[in-house]
Amino acid sequence: NKLYGIIGYPIGHSMSPLMHNDAFLQLGLNGYYHAFNVREDQLKETIAAFRVLNVSGFNVTIPHKVSIMKYLDEVDVEAKQIGAVNTVVNVDGRLIGYNTDGKGYLKSLLEVIVKPLEESTVLVIGAGGAARGVVSALMNYGVAQLMIANRTDEKATQIKNDYGQKNIEVISFEEAESNIGVFDILINTTSVGMSPNIENIPLSVEKIKQNVVLSDLIYNPLKTRWLQLGEEKGAIIHNGVGMFVEQGALAFQKWTGLNPDTKKMKEIVLKQLG
Ligand code: ATR
């Protein structure tokens, strides 16, 4: 029986064990996935223990996505570019870090958009770890124009500088709101609107154009107030469940070489949330 898991703090609410354990069962694999509650001061010894126990692979979540990197033997280029690891694979005792958040998000977004990304102008709200994953995936895929708005300008500028490409621009929330008509896709990567602060919205969608895609990485609640307001204005809305499922499926694929049934995974997650 191979052991897998997730480390984070607090980890009690994680839906990953249910999702992965069901996938092991479905595919007839001898795997078991456990949620480990690991405080920041316990991270180093936890990774040492995982090596001793020969844990086959694990996910990493808040607050360890950045600090985990120094305990790994190798970090892949995309994870380095993002600056965060959410998936670790044990390859003959070597721990290798990846980031499947960005690609997982992209896979889920591609299911709802109508206009090709290459022709789309995209606004990313936020400039934290989640935003870095989203920007990385969008830039690697190719978008016409990407703009970033963040409460702290410097963090958005840092992302722009990391890519050094002409089609990334940093704008203020005021600029974003007054030019809202230029965007084809608006993505909220911040925690604004997450339970329990469900009344908050990251940006006004009063003047969005019809058929804009409004995408929120949040999945609790499933439909944030922001998505609700957007939907009332005729937007196509997209929540964070797809990203959660796809990042998990990509991690599972890296560990086992097999593709889990993402429809089934999504059902399990929705049942938990519903
Ligand atoms: P994550 O890994 O989820 O992205 P993070 O790296 O802590 O978490 O980033 C949080 C993001 O949400 C940041 O862009 C943050 O803005 P700042 O860079 O200005 O801190 C944004 N954020 C969090 N709370 C916010 C709030 N109340 N209003 C606006 N932005 C907020």
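A nonpolar core is a set of buried Ala, Val, Leu, Ile, Met, Phe, Trp, Tyr and Cys residues joined through C-beta atoms within 7 Å. The views below come from a predicted model.

**View 1. The largest nonpolar core has 71 residues.** Six residues have the most contacts inside this core. They are Val122, Leu123, Val124, Val134, Leu146 and Ile148. Helix H9, residues 241–256, gives the most to the core. Its share is eight residues. Domain 1 and domain 2 both give residues to this core, so the core lies between them.

**View 2. Valine 124 and its contacts.** Neighbours within four places in sequence are left aside here. Valine 124 is then in contact with Ala131, Val134, Val135, Leu146 and Ile148. Ile187 and Thr189 are also in contact with valine 124. Two of these partners, Val134 and Leu146, are listed among the residues with the most contacts inside the core, and so is Ile148.

**View 3. The chain is assigned two domains, domain 1 and domain 2.** Domain 1 takes in 2–99 + 242–273. Domain 2 covers 103–239. Their centres, taken over C-alpha atoms, are 26 Å apart. The contact takes 14 residues from domain 1. Domain 2 gives 14 residues as well.

**View 4. The side of domain 1 that touches domain 2.** Helix H3 (77–82) and H9 are the elements that give two or more residues to this side. The largest share comes from H9, with six residues. By class, this side of domain 1 has six nonpolar residues, five polar residues and three charged residues.

Key. Residues numbered from 1 in each chain as written. Predicted model: local features only at pLDDT ≥ 70, side-chain atom pairs only at ≥ 80, totals over all residues. Buried ≥ 20, exposed ≤ 12 C-beta atoms within 10 Å, placed from the backbone. Helix = DSSP H or I, 4+ residues; strand = E, 2+ residues; numbered from the N terminus. Domains from an automatic or database assignment. Contact = placed C-beta atoms within 7 Å. Nonpolar A, V, L, I, M, F, W, Y, C, P; charged D, E, K, R; others polar.
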